[in-house]
Amino acid sequence: MGLSKNFQSLLEEPLGPLDRVDAVLVSVPFVEPFGTSVASWAVKEALLLRLEQDGAVGWGECVADPDPYYAGETTVTARHLIQAFLLPEARPGRTLGELLLSWRRVRGNEMAKATVENAFLDLIARRKGLPLHALLGQPARPIPSGISIGLRPTLPDLLAKVEEAVEQGYHRVKLKIQRGQDVAWVAAVRERFPDLPLMADANGDYSLADADHLAELDAFALTMIEQPLGYHDIVQHARLQPRLKTPLCLDESIHSLDDAEAALHLDACRILNIKQGRVGGLVESARIAALCAARGVPVWSGGMDETGLGRALNLHLQTLPGFTLPGDTSETRRYFREDIADPPVVLGPGGWIALPGGPGTGVTLDPARLERYTLGRERLQPPVS
């Protein structure tokens, strides 16, 4: 499935010489710890990449964690890959498409690749004076909101969090589940909120031997069950899907267009979660979304608890065709009492989110807050011809 003419033109965009490149590591405290079946985090530690060219500045946020519990990449490995293998390929005169092609010999490390690609896209958009969605060839539109609620210590606590989300107007709610904290908890939420669009996300905590147990979730009219089986698995999900009425959604298994093609060919899922950082950036995300649209498979934008920088990029991503389901797009204040980026994400009337205005992602980093939460800053060598 090919890209639109706008994307094709974007790939032909030449890269000019960079005047300065900085890697900035920040640690922004969460309002409260966010827990999944694999780990719990009290802060958002994020690697940011700053590119400067002729007075314009573009930023990219790496979605990797400081630990390898969600993915094999970490903030440390991403910084090394960016400095040693990815940035040196961004030689002046090369096009964006040539840069992405040169990275194919670097196996994996999609999160590191996305960081550099997104920083360049933000830089290109700002130099052209265009919002990112316009650079991608899409008009501005309101974005549906969705919230992901991590594992809670008690069922009453979970119900209170869901009630709060409903009162705020979120279009859908996703619950994290794990063994021993699944069917009864989902049942209680569904009983309290019979009409709420509801998802369950297992983060790979189950095996195919749990198929009958997972089938009990069919009783609750879920939009989907996300990634119940292994992190890299596609084949066993294809064996599980016929045993469930509820659509399966693949997340961690999908790292590329080829993975998405395999999953759809094997009927391993009926919905796909596209995390742009997990698949290598906006360009590969657009390819996957186009493939899914052609196959009639809905997609949505998953989140990685990004700061306002990464959150804004995900909003622009959702203007692309194919993103028909609410993503993990929630208000900034739910995650951070004080974010590094302005303006914050807020829910408008009806639970909709407006795209940030202005060129690029439309957000700016507050210098004082950025300094407050910076763990380290390093000047990297700009690529040379």
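Here are three short exercises on aromatic rings in this predicted model.

**Exercise 1.** Work out how the rings of Phe30 and Phe336 are arranged: stacked or edge-to-face?

*Solution.* Start with the count: the model has four aromatic pairs. For Phe30 and Phe336, the ring centres are 5.4 Å apart, and centres within 6.5 Å make a pair. Next, take the angle: the planes sit at 20°, and under 30 degrees counts as stacked. So this pair is stacked. Now place the two residues: Phe30 is in strand β1, while Phe336 is in the loop between α14 and β12, 306 residues apart. Last, bring in a neighbour: Phe30 and Phe336 form one aromatic cluster with Tyr335.

**Exercise 2.** Find out whether Phe30 is buried or exposed, then do the same for Phe336.

*Solution.* The cut-off you need is this: buried means under 20% relative accessible area. Phe30 comes out at 7%, so Phe30 is buried. Phe336 has 2%, so Phe336 is buried too.

**Exercise 3.** Describe the pair of Tyr70 and Tyr231: which arrangement do the planes give, and where do the two residues lie along the chain?

*Solution.* First, the geometry: the distance is 6.3 Å centre to centre, with 80° between the planes. Over 60 degrees counts as edge-to-face, and that's what Tyr70 and Tyr231 form. Then the location: Tyr70 is in the loop between β3 and α2, Tyr231 is in the loop between β8 and α9, and 161 residues separate them. Finally, check the accessibility: Tyr70 is buried at 9%, whereas Tyr231, at 25%, is partly exposed.

Note on methods
Residues are numbered from 1 along each chain as its sequence is written. This is a predicted model: local features need pLDDT of at least 70, side-chain atom pairs count only at pLDDT 80 or more; totals for chains, interfaces and linings use all residues. Side-chain values use heavy atoms; hydrogens and water are left out. Rings of Phe, Tyr and Trp (its six-membered ring) pair if their centres lie within 6.5 Å; planes under 30 degrees apart count as stacked, over 60 as edge-to-face and the rest as tilted. Helices (H or I, at least four residues) and strands (E, at least two) are DSSP runs, numbered from the N terminus. Buried means under 20% relative accessible area, exposed over 50%, partly exposed in between (1.4 Å probe, protein chains only).
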